[in-house]
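Student: I would like to take a close look at a single part of this model and follow how it fits with what lies around it. Could you take me through it slowly, step by step?

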Amino acid sequence: MINSVKTAIARSHLKSIPYNEFISLALYDSLEGYYNQKRDVFGKKGDFFTASHVHSVFCELLGEWFLKLFNELHLPHVILELGGGDGRFAKQLCEFFSNKGMKITYYFVEGNEIHRKNIKEQITNHTLETFSSLHDFEENIGHFNGIIYSNEFFDAQPVKVVEKNNGELFEVYVSMDDDGRLIERFYPCSREMVDWIRKYGIVLSEGHRMEVPNYLNSILEQIATVLHKGIILTIDYGYTNEELVDPRRKKGSLRGYLDHQMVDRVTDHVGKMDITHHIHWDSFIKIGLEHDLDLYMFEKQQQFLLQIGILDYVRENKSGTYFSTASKQNRAIQQLISGDFMGNMFEVCIQAKGIRKSQLEIFMKK
Ligand SMILES: C[S@@+](CC[C@H](N)C(=O)[O-])C[C@H]1O[C@@H](n2cnc3c(N)ncnc32)[C@H](O)[C@@H]1O
């Protein structure tokens, strides 16, 4: 258990803190938070794989797609990445553009200071600027035209949790028992929270728990403020209102990831384990529209990657061995599009600002 959580609980007048505050400390406390640890949390040695850690083919494919967007939509070669993590995607993408003999501007938003420092040292032949938050970006850069990209950024946001019991909505808080173990407590939901849930068409059945992503209002507003004209490509896992009612989702989607294992109780291994939730896509899309972010596409990752041509990257495995470069790339493609792995688990949401829908359609047709 980390001290910042203990202190926050002890200082709060209810002797319990809402889940978003707990997650914020567990993941982002500057001294003890999971994402501020010195050890690697990404990839084989860490706790989870993200798409750019599967294989560079993911980035090459997106690089080609970004290039088409730049050219056909007359966008400046500017990319803003949200929650860039250890910078693997940024490095691969900059290398892709270097190989094309092009220079780009890359804005890298990431809370972890070490990752920001490393990426700054590693990317020298493009214009790379780093920011600790979107707010930091807004203050220093303001507006731009280009592409906003994120992969697994939204699922890592601190989120509130509600549950319906005896016909009423309760907000779930984190507290501590006499033996110092973290436990949950329930308080009636605020009027504001009940209105938010209703506004975005969410109907919970008895005993159903859900993460309420009201952080989306401020983040999507900021995105809409900083982007004048361009595309927002968001890749993450989530569910729609229709999927929410599935009884299998009754316990909510908050999960921990530690050493590539899923952990149900997110109050275990505090500060040592990743905590994530599924994105509620209906509210994501609706809030985007409230801020003039037009929805262009919402699809499974599998569909999107197939549409932009991932199968063109399948290579002939001439040596026939399992460990050949071609074989590794082909396996990675399978992981990225397979229904059992990332292909069906992740969704891709493409929003546009200041761009006509008809202008975008050409990019999805091979
Ligand atoms: C699940 S990781 C994904 C990393 C990377 N996008 C990838 O695909 O490998 C989420 C990252 O977002 C960062 N992050 C989350 N919320 C943030 C925020 N509000 N501002 C800056 N960085 C944030 C975390 O520090 C973490 O590195």
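**A close look at one helix and its surroundings**

Tutor: Before we turn to the helix, begin at the surface of this predicted model, where Leu306, Leu311 and Val314 form a nonpolar patch whose accessible area together is about 240 Å². Leu306 belongs to helix H12, which spans residues 301-307, and because its relative accessibility is 32%, Leu306 counts as partly exposed.

Now move to the part I would like you to study, helix H8, made of residues 191-199, in which Met193, Val194, Trp196 and Ile197 are buried. If you look down the axis of H8, these buried residues fall within an arc of 160 degrees, so they line one face of the helix. The general reason for such a pattern is that an α-helix has 3.6 residues a turn, so residues three or four places apart point the same way. On the face of H8 that is turned away from the buried side you will find the exposed residues Arg191, Glu192, Arg198 and Lys199.

What, then, covers the buried residues of H8? The cover includes three strands, E6 (160-165), E7 (168-176) and E9 (209-212), together with two helices, H9 (215-226) and H11 (281-290). After H8 comes Gly201, which has a positive phi, near 70 degrees.

The exposed side of H8 also has a partner elsewhere in the chain, since the side chains of Lys199 and Glu290 meet in a salt bridge, with 3.6 Å from N to O. This pair links distant parts of the chain, because Glu290 lies in helix H11 and Lys199 in helix H8, 91 residues apart. Glu290 has a relative accessible area of 40%, and it is therefore partly exposed. In general, side chains of opposite charge can pair when their charged atoms come close.

A search of the whole structure finds 13 salt bridges, and some of the others are worth following from here. Glu184 forms one with Arg209, and their closest N and O atoms are 2.7 Å apart. Glu184 lies in strand E8 (residues 182-188) and Arg209 in strand E9, so this pair ties together parts that are 25 residues apart in sequence. With 30% relative accessibility Glu184 counts as partly exposed, whereas Arg209, at 14%, counts as buried. Another salt bridge joins the side chains of Arg181 and Asp179, at 3.5 Å from N to O, and both Arg181 and Asp179 are exposed.

Finally, compare the helix with a strand, E5, which covers residues 144-151: 7 of its 8 residues are buried, so E5 is largely enclosed by the rest of the structure. Strand E2 (residues 78-82) runs parallel to E5 and is joined to it by 4 bridges, and here Leu82 has Ser150 of E5 as its bridge partner. Strand E10 (residues 227-236) also runs parallel to E5, and 8 bridges join the two, with Ile148 standing opposite Ile232 in E10. As you trace these strands, keep in mind that in a regular strand the side chains alternate between the two faces of the sheet.

Note on methods
Residues are numbered from 1 along each chain as its sequence is written. This is a predicted model: local features need pLDDT of at least 70, side-chain atom pairs count only at pLDDT 80 or more; totals for chains, interfaces and linings use all residues. Side-chain values use heavy atoms; hydrogens and water are left out. Buried means under 20% relative accessible area, exposed over 50%, partly exposed in between (1.4 Å probe, protein chains only). Two strands pair if DSSP finds at least two bridges between them. The arc is that of the directions from the helix axis to the C-beta atoms. Contact means heavy atoms within 4.5 Å. Patches are made of residues with over 30% relative accessible area and no salt bridge: like charges are joined within 9 Å, nonpolar side chains (Val, Leu, Ile, Met, Phe, Trp, Tyr) within 5 Å. Accessible areas come from the Shrake-Rupley method with a 1.4 Å probe; for residues, only the protein chains shown count as cover. A salt bridge is a side-chain nitrogen of Lys or Arg within 4 Å of a carboxyl oxygen of Asp or Glu.
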